[in-house]
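Student: I'd like to go through this model with you, one question at a time. Can we start once it's on the screen?

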Amino acid sequence: MTVRTRFAPSPTGFLHVGGVRTALFSWLYAKRHQGEFILRIEDTDQERSTKESVQAILDGMAWLGMDYAEGPYYQTERYERYNQVAQQFLDEGKAYRCECSKERLEALRTEQLAAKEKPRYDGHCRDKNLPLSDKPFVIRFKNPDQGTVSFHDEVYGEIHVANSELDDLILVRSDGHPTYNFAVVIDDIDMNITHVIRGDDHINNTPRQINLFKALNASVPVFAHLPMILGEDGKRLSKRHGAVSVLQFKELGVLPHALLNYLVRLGWSYGDQEIFSINEMIERFDLKNVSRGVSSFNYEKLYWLNQHYQKNDPVEAVAESLRWHFELAGIDLSNGPKLADLVSIQAERCKTLAEMCQMSLYFFTDSIEYDEAAVKKHLRPVILEPLTALYEQLQKVGSWEKDHLQECINDISAQFDINMGKIAQPLRVAVTGSSMSPSIDMTLTLLGRERVLTRLKNALEQLKLRAQASS
């Protein structure tokens, strides 16, 4: 048997992190067993499904590198198949037309709730054998009224639900659209899905779906339901928790494999190991190690992992991901250092690529913004003479390399008998606008001779003016 899993998102919003984790677990399980991973778009909700959401799903999967053997399949392109099965059920007496009005159903629900009963359809039309007419109707499944649905969930273990607890679910709505439970079963049968890995919000649907599988004389797939992901406040993830769309994490500057590494550890473990390559995830993933407990999304942990990959991935690969952020900011990358060189000096200083981009803009722009607090603290009249001497010495440097530049700074420190930091910090503020940057020798090297001398000259002129004003 070839293992076949599927990811079946509904395009009614963003591809969120809970969906990505579901896709990841399904993808890993298929890869682990040399199987096939299928992408299916469940777009039968005509009012809420959008082309933009579909594209966001496809873009998110592509960014994460989760390839699929087949798809994307679209449920809206399979209506003929759903109608065929619905008619088959009617012909075999496994389904029936129901003409109950909304008013009757609402009154029934109100009555059941008042009696503290579980709201469920009462089978009013079940045995009427209503023919096709001009009256609006839905098609309902004749759920078995006796016995028990039992199945083994790979996460939650043995589950048993009495058929008496299940009502006759609607297969086709009055507008002709199939319901989720009906369409998903037909899709899973037609696509030979062997393992259904999904969120535990679907666990109540599983007994109903198993009865549909059996009514179609089809093999029932293995089910594994994943506990939900919560925010750090213990509540279900939502917009108030920040980025919940996978593409928002790209904008935040998170590397795709860092996000996957983080998500794989939300509810799954392999001993105490925290850092996994993609290949290690595939080799070691097992549904038996999925926890039943809910997981909490922690941004600091994600950023810690992201920084690990920034520091340890091939520099050129990180640089290529960083390029997107500079292009998004409209920065001309031909007017500055190589991005690989930038990554080498910034990766350990930044948690994300977006932060790295923001903290490196001064390498590519002719004008810079000055941190007024840094200027006030470091560019004081007392440093005017040493900084002027350094400017004059830097003008004479033959080879603009970090060792030679550091030698200039050391010479000035010795000449004026000041600690190197006393000259390096004012210099840093002068050429970057801030008191924080990589080592001063590398900062000067990557900025280049022209930018350093121009900015230092401008800073000295401003410093002279302030010195004169204060005297």
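Student: Which loop does His 177 sit in?

Tutor: This is a predicted model, where local features need pLDDT of at least 70, side-chain atom pairs count only at pLDDT 80 or more, and totals for chains, interfaces and linings use all residues. Residues are numbered from 1 along each chain as its sequence is written, and side-chain values use heavy atoms, with hydrogens and water left out. Helices (H or I, at least four residues) and strands (E, at least two) are DSSP runs numbered from the N terminus. On that footing, His 177 lies in the loop between β8 (170-172) and α5 (180-190).

Student: Is His 177 buried or exposed?

Tutor: Buried means under 20% relative accessible area, exposed over 50%, and partly exposed in between (1.4 Å probe, protein chains only). Contact means heavy atoms within 4.5 Å, and beyond its neighbours within four places in sequence His 177 touches Thr 44, Gln 46, Tyr 79, Leu 171 and Val 172. Its relative accessibility is 19%, so His 177 counts as buried.

Student: And Ile 229, which residues does it touch?

Tutor: Ile 229 lies in strand β11 (residues 229-230), and it's buried, with a relative accessible area of 6%. Setting aside residues up to four places away in sequence, its contacts are Val 17, Gly 18, Arg 21, Arg 236, Leu 237, Leu 266, Ser 295 and Phe 297.

Student: Which elements do the buried residues of α12 pack against?

Tutor: Six of the eight residues of α12 (residues 339-346) are buried, so this helix is largely enclosed by the rest of the structure. Those are Leu 339, Ala 340, Leu 342, Val 343, Ile 345 and Gln 346. They pack against α10 (299-312), α11 (315-328), α13 (353-358) and α18.

Student: How do the residues of the contact of α16 with α18 divide?

Tutor: The axes of α16 (residues 402-415) and α18 (residues 440-447) come within 9 Å and cross at roughly 125 degrees; these are lines fitted to C-alpha atoms over the stretch in contact, with angles from 0 to 180 degrees between N-to-C directions. The contact is made by Lys 402, Leu 405, Gln 406 and Ile 409 of α16 and Ile 440, Asp 441, Met 442, Leu 444 and Thr 445 of α18. Ala, Val, Leu, Ile, Met, Phe, Trp, Tyr, Cys and Pro count as nonpolar, Asp, Glu, Lys and Arg as charged, and the others, Gly among them, as polar. The split is five nonpolar, two polar and two charged.
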